[in-house]
Amino acid sequence: MAGAVRNISKISRLLSSSPSTQQLGDLQRCFLRCMSTGKFENILVEKRGEKKNVGLIQLNRPKALNALCDALMKELGTALDEFENDPEVGCVVLTGSEKAFAAGADIKEMQGLTFSQTFGGGFLNHWNRLASNKKPVIAAVNGFALGGGCEVAMMCDIIYAGEKAKFGQPEILLGTIPGAGGTQRLPRAIGKSKAMEMALTGDMINAADAEKAGLVSKVFPPGELVDAAVKTAEKIASHSKLIVAMCKESVNTSYELTLNEGMHFEKRIFHATFATKDRKEGMTAFVEKRPANFTDE
Ligand code: CO8
């Protein structure tokens, strides 16, 4: 509610002057934030990019460093569903604030829970929603990505980091262990020794080390991070959504299968692209020396 009031005051301020083009852009952004603040309590949602083909989700619990409470994760699922069903959107960017992408699952929510409540109640099972998104998701990580925050970033397809980002799995310091991929996706991303070091000590690594280890693909100055992620997302969104989904599925399958099985799967998907209009259009456009006009069919 406070966020909505802040946004409404900003809109009134801008309208009472004669807004420049840049201010009009601010105005539009503010309006979108205002709309999404009305709908969601813990995230901000808008569409970005020249063609508005990028869905941007910003985690927005600043006082709790974007701790991933149950309500936030449910809202994230809803926002992802909406972008998944929006034919305009071809890629999603997930970000937080400059101080924190997310400082983990909400410790205050977990503090009083018992084994029977977590095991019996399937505690936080819905966190998997992000990992099963069909459209690609880019994590733009500024500040802390700790525990569940690091795990959420790793559920995304690409991670870009701000120079001051810090990644860690500090659950061991709380007397527990990672529960959403920290012991599974992290070793696959950075190797056993580094993952084991992080999980067993609880120590954080900085953006430069995360890039060196292969956890993140690029590092940017904090203020440029989200725009850079949106730019990459626009590029992905300009391709056939159908083929992008097939490509994403094929890369992700490499985590599940042996090399032989994976090669077989890839070949089947490659052959399947020949059943699409977009494969024909892409190759015809190349031969005719013109840009491809994909229709996602
Ligand atoms: N949960 C709840 N609240 C949090 C969390 C969190 N994870 N992190 C920070 N906060 C709150 C603090 O309590 C504080 O609130 P208040 O002002 O009301 O006291 C506010 O955010 C600001 O935090 P700090 O004052 O601590 O800020 P600092 O800048 O001093 O420190 C740190 C920043 C280093 C990030 C520090 O806050 C910290 O260590 N946070 C906890 C990090 C952590 O341990 N994360 C792992 C949590 S466990 C987890 O993620 C398991 C995931 C399992 C998923 C399973 C899915 C199936």
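Me: What makes the pair between Ala105 and the ligand a polar contact in this predicted model?
Reply: A backbone N or O atom of Ala105 lies 2.8 Å from an oxygen atom of the ligand. The cut-off for a pair of N or O atoms is within 3.5 Å, so the pair counts.

Me: Why does the side chain of Lys99 count as making a polar contact with the ligand?
Reply: A polar side-chain atom of Lys99 is 2.8 Å from a ligand oxygen atom. That value is within 3.5 Å, so the pair qualifies.

Me: Why is the pair at Lys63 called a polar contact?
Reply: A polar backbone atom of Lys63 is 3.3 Å from an oxygen atom of the ligand. This too is within 3.5 Å, and therefore the pair is a polar contact.

Me: How much of the ligand does the protein cover?
Reply: The ligand on its own has 1,100 Å² of accessible area, and the protein covers 65% of that.

Me: Which residues come nearest to the ligand?
Reply: Of the 24 residues around the ligand, these are Lys99, Ala103, Ala105, Ile107 and Gly148. By class, the shell has 14 nonpolar, four polar and six charged residues. Helix 4 gives the largest share, three residues.

Me: Why does Gly148 not count as nonpolar?
Reply: Gly is placed among the polar residues, so Gly148 is polar by class.

Me: What makes Leu94 stand out in the largest nonpolar core?
Reply: Of the 47 residues in that core, Leu94 and Phe167 touch the most other members. The contacts of Leu94 include Ile57, Leu76, Phe101, Val137 and Cys156.

Note on methods
Residues numbered from 1 in each chain as written. Predicted model: local features only at pLDDT ≥ 70, side-chain atom pairs only at ≥ 80, totals over all residues. Heavy atoms only, no water. Near = heavy atom within 4 Å. Polar contact = N/O pair within 3.5 Å; in protein donor to acceptor, adjacent residues only side chain to side chain. Areas by Shrake-Rupley, 256 points an atom, 1.4 Å probe, with all protein chains shown as cover. Helix = DSSP H or I, 4+ residues; strand = E, 2+ residues; numbered from the N terminus. Core = buried A, V, L, I, M, F, W, Y, C linked by side-chain atoms within 4.5 Å. Buried < 20%, exposed > 50% of the residue type's maximum accessible area, 1.4 Å probe, protein only. Contact = heavy atoms within 4.5 Å. Lists of a residue's contacts leave out its neighbours within four places in sequence.
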